[in-house]
Number of protein chains: 2
Amino acid sequence: MESKQIPSLEDIQKAAKRIGRYIHRTPIITCSSLNDISGTDIYFKCENFQKVGAFKFRGATNAVLSLSENELAKGVATHSSGNHAQALALAARNRDTKAYIVMPKNAPSVKIDAVKGYGGEIIFCEPTLQAREETLDKIVKKTGATFIHPYNDTRIIAGQATAAMELIEEIDGLDIIMAPVGGGGLLSGTSLATAYFSSGTKVFGAEPAGADDACRSLHSGEIVPSINPKTIADGLLTSLGSLTYPIIKKYVSDILTVSEENIILAMKLIWERGKIIVEPSGAVPFAVALQHQDKFAGKKVGIIISGGNVDIKNLPWIK
Amino acid sequence: MESKQIPSLEDIQKAAKRIGRYIHRTPIITCSSLNDISGTDIYFKCENFQKVGAFKFRGATNAVLSLSENELAKGVATHSSGNHAQALALAARNRDTKAYIVMPKNAPSVKIDAVKGYGGEIIFCEPTLQAREETLDKIVKKTGATFIHPYNDTRIIAGQATAAMELIEEIDGLDIIMAPVGGGGLLSGTSLATAYFSSGTKVFGAEPAGADDACRSLHSGEIVPSINPKTIADGLLTSLGSLTYPIIKKYVSDILTVSEENIILAMKLIWERGKIIVEPSGAVPFAVALQHQDKFAGKKVGIIISGGNVDIKNLPWIK
């Protein structure tokens, strides 16, 4: 599997087999109260229950397990201060190798501690994109570690695709599957798995209006970069990649955007009625189901809840 | 089934069959992070995912379904401002009959709205025990409705017992099962199910130190009333009943108490690491596993999470 080609059906099946003993097969839950509110028959694939609290552990594990023994011995590297950093750190530790994580020196201590907790080696840099890339380059040259991009990588996309694959295996006859979109790793994987394993099911992306670069990219026909995005859904700030964009363009029916108000409402409803902790990014697809009810009412819809890593001391409905 | 006898093995099996199509068979989850923190191998039976958000729906449904057609036509009645009120309202609505719920007129509007939302008919009274009982008496005399006590009732206990029965069916070889104790409906049912279906498993009750009447009752050999209890675990304020007490005395190994600080810590850890919403009362058994680690470390322990109804705008770790 090259790191820059579109994953095949077999790539996804192999990824599922490869990562099976490391990941959780997460539960799929339904909630009659959320169904009543949205007028939709929703099946939530709960990646908030995944290890490290997010789907990112699927792709990171698949990437690490795809390395040769020689590559593996030199470790892996990435720049991220989010769930990918934690996921890669744990995936590396599971194979007794090193993860070098480049993080801006102003990253929140809770994120630094989480990566350290999974055994990641953190290299701090200035909080600019240039410093981040230069620092990563240096680390890779120095250590020989393999750079694992957070989303623009075949192995990552094939890994993320396994969540939708499991959803399709367990729930028959879904009209629609919906996933949030940031860099597009989860959405591109979801759309591929759906095309391969349930071709009658449509795929929609869910995006905050305050970070709507993927929606604009899809509609304009070229990658529109994400500039100064503003949203509480901090997992969805990045731009599409050269690999994720063409997959999304080909296999995703549309990307629908939602207001900040509806993201917070959706998150609050999932907490109160569904009794599960989801992070703001994870609530964006349900927010779409609420805000665009005309497209979803009466339909059977699978939603990938991307993660549940949220600071419970700092909640948007408590001022 | 008389309403004041100890449920038999058959009573519990019949209850499970009777309520099967109305209740959720709730999931059992494990969390490696919570296992690491407590040093214990824990299986959480998630009644926070039960309908109305609490185990109470099992007992209420069993009680309503145990009525004769003649009784059923006249409805059911209770006094409660908590989960039992909501549970009985929904159980009655499911059988197209009335639920008369006596509530103190100063009950929080969120609880009043919840009962109304399930179709319960609320009768307000002065906020005293005497007014509550007198009002209930009047309603029962006037309507002919059957009084369903929140816990001191064979049908309720048999219904609550089905949660532990399901846990035992799915998880082999539990050393210990733990449930919180207020009036004792859940704990007595749990201890009976365990004695009948897994006699090698010990049962412990979990109680806030600030409402330790059940612990003191067990140790003194008679029911000690709960006077001015003070705890955040608002589902555990009541005293044991004449029916729940002898069951607990016979079948429960011990009742262990925990500090308020540890209840809040346990609740926070279950939210942050387990990614599920539990109410303070539901976190009390895990608090016991943390505070009394000597009794649980290395053991295989089933914990009944009683419910997940909590005001997410008012959390104990946010001042």
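**Exercise 1.** In this predicted model, find how strand 3 (residues 76-79) of chain A and strand 4 (residues 99-104) of chain A pair, and over how many bridges.

*Solution.* Step 1: take the direction. The two strands pair in the parallel sense. Step 2: take the count. There are 4 bridges between strand 3 and strand 4 of chain A. Step 3: fix the register. A:Ala77 stands opposite A:Tyr100 in strand 4 of chain A.

**Exercise 2.** Work out the strand order of the open sheet in chain A, and explain why strand 5 (121-125) and strand 6 (146-147) of chain A each have one side without a neighbour in the sheet.

*Solution.* Step 1: write the order. The sheet has 4 strands, ordered 5-4-3-6, with parallel pairing. Step 2: look at the ends. Strand 5 and strand 6 of chain A stand at the edges, and each has a single partner strand, so one side of each lacks a neighbour in the sheet.

**Exercise 3.** Trace the surroundings of strand 3 (residues 76-79) of chain B: which residues lie on its two sides, and are they buried or exposed?

*Solution.* Step 1: recall the pattern. Side chains in a regular strand alternate between the two faces of the sheet. Step 2: assign the sides. B:Val76 and B:Thr78 lie on one side, B:Ala77 and B:His79 on the other. Step 3: check burial. All four are buried, and both faces are covered. Step 4: add the partners. Strand 3 of chain B runs parallel to strand 4 (residues 99-104) of chain B, joined by 4 bridges. The chain gets there through helix 5 (residues 83-94) of chain B, in a right-handed β-α-β crossover. Strand 6 (residues 146-147) of chain B also pairs with strand 3 of chain B in the parallel sense, over 2 bridges. Step 5: place B:Ala77. This residue stands opposite B:Tyr100 in strand 4 of chain B, and its bridge partner in strand 6 of chain B is B:Phe147.

Conventions. Residues numbered from 1 in each chain as written. Chains lettered and ligands numbered in written order. Predicted model: local features only at pLDDT ≥ 70, side-chain atom pairs only at ≥ 80, totals over all residues. Buried ≥ 20, exposed ≤ 12 C-beta atoms within 10 Å, placed from the backbone. Pairing = 2+ DSSP bridges. Right-handed = clockwise from strand over helix to strand, strands pointing away.
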